[in-house]
Amino acid sequence: MASGLLTNWQGARRDKRRYKHEREIAREARYQERLDQAYIALGEYLSRFGDWARSVHPFLGPVPAPDPLQPGERWHIEALVTAYGSEEVQRLLDRWGECAQRIENADIVIRMASESRDPGALDQEALREKHALEDYRKAMQDAADAIRSQIRRELAPVASHRPQRPELEA
Amino acid sequence: MTTTWAAIVISAAGVAVSAAVVVTNVFAVRRAARTQLQIARDQRISDRQSDTYIDLLQWVRGIEADKRDVNILDLAEMLKLPDDLDVRTTAFASKAVRQRVKEFVDARWRLQQKVERDRVRILALIGEALKAKDDAALQAGFPEWPAMAQAAAALRDSIRRELLGDDLA
């Protein structure tokens with residue numbers, strides 16, 4: 001009788017542990033799915049900006065610019081990355097943003113010089129920026145590749161660079 | 001006689017063990033069903049909470065990006081959460097996140113009040129910061145501006161911590 005009761009008690013404890021584990025697995029699956037969505041959206045965002053960068057005063061022929069991303073869409077992607085992206089991806093994204101900003105600034109200077117009736121010193125700066133554009137584009141491409149590599153590492157089956165989750169830090 | 005009693009005791013013990021096994025199994029089945037329900041419920045709530053938080057982050061970003069010089073009535077309209085988001089925030093956001101949203105809105109209001117009181121001085125500070133390419137003086141003379149960015153960062157941090165911890169509290 002004692003052995004029967006003991007077996008039952010142990011079975012109940014084992015079940016409890018299994019159910020707790022099931023809930024943790026469900027939670028992890030949920031988190032992983034959201035991380036996947038955030039990173040897929042980020043990948044598309046980077047590709048789109050890559051097309052845009054190639055269209056800014058290209059060295060050869062006109063390159064059509066992609067349709068501009070609506071602010072709402074951009075904020076949505078930013079929100080996903082803010083919520084689920086790892087700190088490393090966010091850091092790399094900041095660096096990428098600086099590269100994109102450099103291209104945007106160069107574009108503004110070149111446009112201003114070409115539209116100005118008396119370019120003067122602006123013309124010199126525009127020329128300098130035009131020459132630097134290829135370097136800016138390369139830096140942005142490298143920054144985007146670094147983000148993609150990091151994403152691949154985090155989404156790999158045995159992820160060793162997962163974002164730090166608060167309960168795991170404790 | 002003794003043998004009869006021994007047989008009765010052994011049979012009673014067998015019945016007791018069988019009863020205990022049945023009871024334990026009933027509880028185990030109930031617990032399994034309850035766990036599955038709990039997982040489904042967690043999933044539903046967590047999805048809604050996640051959508052709400054993403055929309056809140058987007059809303060905050062929109063307010064930060066809006067650099068228009070608005071009047072008080074326009075600002076009141078701008079800082080009002082859309083009805084749907086307001087309802088979802090009440091239902092699914094944690095107390096801490098709701099508090100951070102309130103702090104962000106308060107910070108934006110303080111910024112507006114400061115701009116309306118000291119418009120000329122602030123415009124001069126902005127001009128100086130643009131000329132010097134250094135906004136230290138602007139931040140020191142106009143602390144409401146970095147305060148709003150800090151409130152937004154605190155809200156983002158709070159949401160991120162909850163979503164990464166998947167806290168359903």
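Which elements of chain A have the lowest and the highest mean pLDDT? Colour chain A by confidence before anything else, bearing in mind that this is a predicted model: helix 5 of chain A has the lowest mean pLDDT among the elements of that chain, at 46, and helix 2 of chain A has the highest, at 92.

**Stop 1: chain A as a whole**

Stay with chain A and select residues 166-170, where pLDDT stays under 50 and for which the model has five contacts beyond four places in sequence. For the chain taken together, the mean pLDDT is 85, and 90% of the residues reach 70 or more. Overall scores for the model are ipTM 0.75 and pTM 0.78.

Now switch to a cartoon view of chain A, in which five helices and zero strands appear, and which reads α-α-α-α-α from the N terminus on. The radius of gyration of chain A is 25 Å, well over the 15 Å that the globule rule gives for 170 residues, so chain A is more spread out than a compact globule. If you orient the view along the principal axes, the C-alpha trace of chain A spans about 100 × 25 × 25 Å.

**Stop 2: chain B as a whole**

Select chain B next, and keep the colouring by confidence. The mean pLDDT of chain B is 87, with 97% of its residues at 70 or more. Within this chain, helix 6 (residues 136-141) of chain B has the lowest confidence, at a mean of 80, whereas helix 3 (residues 83-92) of chain B has the highest, at 96.

Seven helices and zero strands make up the secondary structure elements of chain B, and along the sequence their pattern is α-α-α-α-α-α-α. The radius of gyration of chain B is 30 Å, whereas a compact globule of 169 residues would have one near 15 Å. Taken along the principal axes, the box that the C-alpha atoms of chain B fill is roughly 110 × 30 × 20 Å.

**Stop 3: helix 1 against helix 7 in chain B**

The next stops look at pairs of helices. Two packed helices are described by the angle between their axes and the distance between the axes.

Select residues 2-65 and residues 144-165 of chain B, which are helix 1 and helix 7 of that chain; their axes come within 11 Å and cross at roughly 165°. How are these two helices oriented relative to each other? Angles over 145 degrees count as roughly antiparallel, and helix 1 of chain B and helix 7 of chain B are therefore roughly antiparallel to each other. Their crossing is left-handed.

Show the side chains here: from helix 1 of chain B come S50(B), Y53(B), L56(B), L57(B), V60(B) and E64(B), and they meet A152(B), L155(B), R156(B), I159(B) and L163(B) in helix 7 of chain B. Sorted by class, this contact has eight nonpolar residues, one polar residue and two charged residues.

**Stop 4: helix 1 against helix 3 in chain B**

Keep helix 1 of chain B selected and add helix 3 of chain B, which packs against helix 1 at an angle of about 130°, with the axes 10 Å apart. That angle makes helix 1 of chain B oblique to helix 3 of chain B, and the crossing of the two is left-handed.

Which residues meet here, between helix 1 of chain B and helix 3 of chain B? On the side of helix 1 of chain B they are I45(B), R48(B), Q49(B), T52(B), D55(B), L56(B) and W59(B), while helix 3 of chain B brings L85(B), R88(B), T89(B) and F92(B). By class, the contact of these two helices has five nonpolar, three polar and three charged residues.

**Stop 5: between the chains**

Finally, show both chains together, where 28 residues of chain A are in contact with 30 residues of chain B. On the side of chain A that touches chain B, the elements that give two or more residues are helix 1 (2-55), helix 2 (71-84) and helix 5 (166-169) of chain A. Helix 1 of chain A gives the largest share of that side, 14 residues. The residues on the side of chain A that touches chain B divide into 14 nonpolar, five polar and nine charged.

Zoom in on helix 2 of chain A and helix 7 of chain B, which pack at an angle of about 60° with their axes 8 Å apart; the two helices are therefore oblique to each other. T82(A), A83(A) and Y84(A) of helix 2 of chain A make this contact with R156(B), I159(B), R160(B) and L163(B) of helix 7 of chain B. Its residues fall into four nonpolar, one polar and two charged.

Technical notes. Residues are numbered from 1 along each chain as its sequence is written. Chains are lettered from A and ligands numbered from 1 in the order in which they are written. Two residues are in contact if their C-beta atoms, placed from the backbone, lie within 7 Å. Helices (H or I, at least four residues) and strands (E, at least two) are DSSP runs, numbered from the N terminus. Ala, Val, Leu, Ile, Met, Phe, Trp, Tyr, Cys and Pro count as nonpolar, Asp, Glu, Lys and Arg as charged, and the others, Gly among them, as polar. Axes are lines fitted to C-alpha atoms, for helices over the stretch in contact, and angles run from 0 to 180 degrees between N-to-C directions. Angles under 35 degrees count as roughly parallel, over 145 as roughly antiparallel, 65 to 115 as roughly perpendicular and the rest as oblique. A crossing is left-handed if the near helix is turned anticlockwise from the far one by less than a right angle, and right-handed if clockwise. pLDDT is the predictor's confidence in each residue, from 0 to 100. The radius of gyration is taken over C-alpha atoms; the globule rule is 2.2 Å times the number of residues to the power 0.38.
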